[in-house]
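Thanks for coming, everyone. Let me put the model up on the screen, and then I'll walk you through it.

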2 protein chains.
Amino acid sequence: MANIYSVAKAARVSVATVSAVVNKSAYVSPQLRSRVEAAIEKLGYQPNLMARSLAVRKSHMLGMIVPDIANPFWPEVVRGAEDKAHELGYTLLLSNGDDAPAKEELYLRLFLAKRVDGIILTKAPGRPMKPEIAQALEKAHIPLTLLLRVQKGLSGDSVLLDDKEGAFEAVTHLLRLGYRRIGVIAGSNAVSTSRRRLEGYRQAHKEWGVAVDPALVGVGNFRIDSGYAAGRDLLKKRPEAIFISNYLMAVGFMQALRQYQLRCPQDIAIVTCDDHPWLDSFTPRLTTVNFPKYQVGAEAARVLVDRLTTRDRPIETVQLKSSLTIRESCGYSLRALAV
Amino acid sequence: MANIYSVAKAARVSVATVSAVVNKSAYVSPQLRSRVEAAIEKLGYQPNLMARSLAVRKSHMLGMIVPDIANPFWPEVVRGAEDKAHELGYTLLLSNGDDAPAKEELYLRLFLAKRVDGIILTKAPGRPMKPEIAQALEKAHIPLTLLLRVQKGLSGDSVLLDDKEGAFEAVTHLLRLGYRRIGVIAGSNAVSTSRRRLEGYRQAHKEWGVAVDPALVGVGNFRIDSGYAAGRDLLKKRPEAIFISNYLMAVGFMQALRQYQLRCPQDIAIVTCDDHPWLDSFTPRLTTVNFPKYQVGAEAARVLVDRLTTRDRPIETVQLKSSLTIRESCGYSLRALAV
DNA sequence: TTGTAGGCGTTATCAA
DNA sequence: TTGATAACGCCTACAA
């Protein structure tokens with residue numbers, strides 16, 4: 001493939017001149033410029049970005065670790081991040097950490113070796129980041145922006161959701177409809193997101209002066225199986241309503257419901273997290289806490305690139321707002337009169 | 001960050017020796033080896049993969065263009081491709097082409113500039129690939145593996161689905177249940193996948209000696225809106241059943257159904273393409289043509305890397321098999337006696 | 001305004 | 001067995 005020397009030769013100029021016209025980094029006389037441009041055209045010259053990165057010591061690549069792109073929560077987030085990254089001139093390197101610290105470390109090391117300029121990380125729960133890795137990141141001046149989850153020991157910019165407020169609204173909605181025995185299926189306690197949603201659940205109860213029955217608090221891991229398992233347990237305790245911390249666990253919960261031949265919302269009301277376009281079309285139509293997924297990803301890329309391009313800026317924490325989308329699964333239509 | 005010179009100095013050896021131990025590319029005496037290893041450890045040395053790529057003229061990166069990661073069909077495919085790529089020592093560069101030729105060209109050029117070793121492409125419909133780009137790919141020896149869709153003028157390895165057979169099975173299932181006025185919502189005719197699914201639909205009718213009513217053939221673009229629009233039109237023609245070419249259009253169709261206050265499967269039976277774990281949990285439970293999405297992605301990466309590592313191999317075309325997952329939306333339970 | 005030359009971090013080819 | 005040294009393709013002072 002053509003390189004800068006071949007176009008320089010073809011245009012009868014030096015490589016510096018070619019570089020100048022390619023990067024518009026210096027004035028080049030019209031004659032030379034057009035000769036260079038003609039040569040570029042003729043040879044189909046594409047600057048080698050790897051070589052350029054090596055020279056300028058900037059890869060213009062961003063690493064991103066999400067738990068699992070196959071979990072329907074993430075695609076939109078990734079799409080947002082990718083769109084914004086490209087818009088700003090960066091390429092995204094995507095990895096699935098599976099919430100496993102070992103995998104996360106593997107990918108972090110890969111990012112380090114690839115000399116990405118920055119990293120968007122949704123931290124795996126459990127083991128905190130290895131000091132060696134944290135130091136290497138530090139030494140290489142590779143900034144981290146935390147996505148959704150925070151963890152003590154990890155500092156940096158972050159873009160978060162209003163998990164607590166979202167859960168609070170959701171559970172308040174249920175309380176307002178008259179439900180009192182409200183269960184919850186939370187995610188792992190090791191994840192800040194889960195903890196904050198659980199706090200929201202508790203806070204709502206407190207404000208309404210309703211005691212939380214500990215037997216109605218279930219814990220899962222954000223995957224379908226765990227929603228099913230937690231659902232089987234919880235349903236024995238006869239809750240009137242339930243708040244579920246993400247979509248996949250809600251799917252699992254529905255399986256349990258089906259098995260017990262219970263109907264929603266007649267036998268039990270449901271409010272879940274994460275909205276999806278298709279929820280409108282199937283029954284029961286879920287009432288959900290709707291997080292701005294695309295925007296989360298876009299903001300993460302934006303914040304990270306800001307950090308990269310303007311130095312000495314204070315740490316930035318953006319918190320995006322959720323909104324409650326009310327459909328039938330919360331029993332709204334049945335209970336409306338009770339409001 | 002430490003480079004090969006600093007570890008060479010720290011270990012009092014030459015860079016060649018360091019390189020040899022890092023890559024195990026030559027015998028190094030135990031003494032020197034351990035000195036080098038100690039230095040690497042101490043300095044936290046990570047070889048710079050960009051520099052290495054420049055030197056060996058291999059980036060170990062694969063470009064991948066999918067229409068839209070936010071369309072729930074793709075995440076699993078991408079996950080499969082990513083897992084396999086990593087397993088084989090490659091990194092995936094993901095881009096969303098939005099089925100827009102202009103975007104596709106943009107990303108193809110980016111891949112070219114980044115010197116990816118190979119490209120997995122789900123071709124956008126419409127305009128064929130620009131000759132200049134095709135030639136550049138050719139000249140740079142960057143192989144293409146086609147994902148799901150073929151297009152005349154584009155050659156190379158490919159991994160495809162048995163679209164026609166899948167659709168044939170689906171529609172045959174409906175015919176077997178006794179439906180005769182069976183509609184279809186196909187994807188764009190410019191996409192080979194759509195055409196083949198439509199062929200399957202026609203073939204099934206032919207084999208059963210049932211004439212296809214042209215008024216029952218709708219066309220969309222794989223997105224929700226188009227499913228809704230096509231649904232509104234089609235429902236006026238009073239089909240007894242319908243076959244829909246992908247999940248998102250099925251979601252749109254359900255909206256139309258809801259608007260007309262029609263029930264599935266009592267008023268109309270539905271079979272769609274693309275299965276998802278959550279389809280089990282919501283009503284109507286869709287009968288679907290289940291494509292092995294993860295495997296599609298994994299195979300694409302595998303085929304591409306095979307092409308990269310063993311030369312002079314014949315073009316490979318892998319075709320993966322679908323299977324019909326029967327639930328209630330096809331009216332199976334209502335019609336079972338009729339079989 | 002244009003060109004020369006050194007550096008970015010590796011690998012690979014030869015000598016020694 | 002080890003070590004110089006020339007690529008790899010580009011950028012960027014610094015000179016002219």
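Before I point at anything, a word on naming: helices (H or I, at least four residues) and strands (E, at least two) are DSSP runs, numbered from the N terminus. What you see is a predicted model, in which local features need pLDDT of at least 70 and side-chain atom pairs count only at pLDDT 80 or more, while totals for chains, interfaces and linings use all residues. Residues are numbered from 1 along each chain as its sequence is written, chains are lettered from A and ligands numbered from 1 in the order in which they are written, and side-chain values use heavy atoms, with hydrogens and water left out.

Let me begin with the loops of chain A, since that naming helps there. P284(A) sits in the loop between β9 and β10 (287-290) of chain A. The peptide bond joining T283(A) to P284(A) is cis, with omega of about -5°. Another cis peptide bond links C264(A) and P265(A), with omega of about 5°, and P265(A) lies in the loop between α11 (247-259) and β9 (269-273) of chain A. Please also look at F222(A), which has a positive phi of about 80° although it is not a glycine. You will find F222(A) in the loop between β7 (217-219) and α10 (224-235) of chain A.

Now, how are the two protein chains related? Chain B superposes on chain A by a rotation of 180° with 0.0 Å of shift along the axis, at an RMSD of 0.1 Å. That is the relation of a two-fold axis. The superposition is by least squares on the C-alpha atoms of residues with pLDDT of at least 70 in both copies. Which residue of chain B comes closest to the rotation axis? That is T283(B), with its C-alpha at 2.4 Å. As for the interface, 100% of the interface residues of chain B are also interface residues in chain A, so the copies meet through the same surface. Contact here means heavy atoms within 4.5 Å.

Next, the sheet in chain B. Six strands form an open sheet with mixed pairing, in the order β7-β6-β8-β9-β10-β12. Two strands pair if DSSP finds at least two bridges between them. At the edges stand β7 (217-219) and β12 (323-325) of chain B, each with a single partner strand, so one side of each is left without a neighbour in the sheet. On average, and with direction ignored, neighbouring strands of this sheet are turned by 20° against each other. Inside the sheet, β6 (residues 182-186) and β8 (residues 241-244) of chain B pair in the parallel sense over four bridges, and I182(B) stands opposite A241(B) in β8(B).

Two helices to point out on this sheet. Helix α9 (residues 192-207) of chain B packs on it, touching β6, β7, β8 and β9 (269-273) of chain B, and its direction makes about 165° with that of β6(B). Helix α11 (residues 247-259) of chain B packs on the sheet as well, touching β6, β8 and β9 of chain B, at about 155° to the direction of β9(B). For these angles, axes are lines fitted to C-alpha atoms, for helices over the stretch in contact, and angles run from 0 to 180 degrees between N-to-C directions.

On to the DNA, where a residue is near a strand if one of its heavy atoms lies within 4 Å of it. Around DNA strand D there are 26 residues, and I4(A), R52(A), T17(B), S29(B) and R57(B) come nearest. Of the atoms of strand D within 4 Å of the protein, 79% belong to sugar or phosphate and the rest to bases.

What about polar contacts, that is, pairs of N or O atoms within 3.5 Å? (Within protein, one atom must be able to donate a hydrogen and the other to accept it, and residues adjacent in sequence count only if both atoms are side-chain atoms.) A polar side-chain atom of R52(A) lies 2.6 Å from a phosphate oxygen of DNA strand D; for T17(B), the distance from a side-chain N or O atom to a phosphate oxygen of that strand is 2.7 Å. α4(A) gives the most to the surface near DNA strand D, with four residues.

Finally, DNA strand C has 25 residues around it, with S29(A), I4(B), S19(B), N48(B) and R52(B) nearest. A side-chain N or O atom of N23(B) is 2.9 Å from a phosphate oxygen of DNA strand C. Near this strand, α4(B) gives the most to the surface, with four residues. Happy to rotate the view for anyone!
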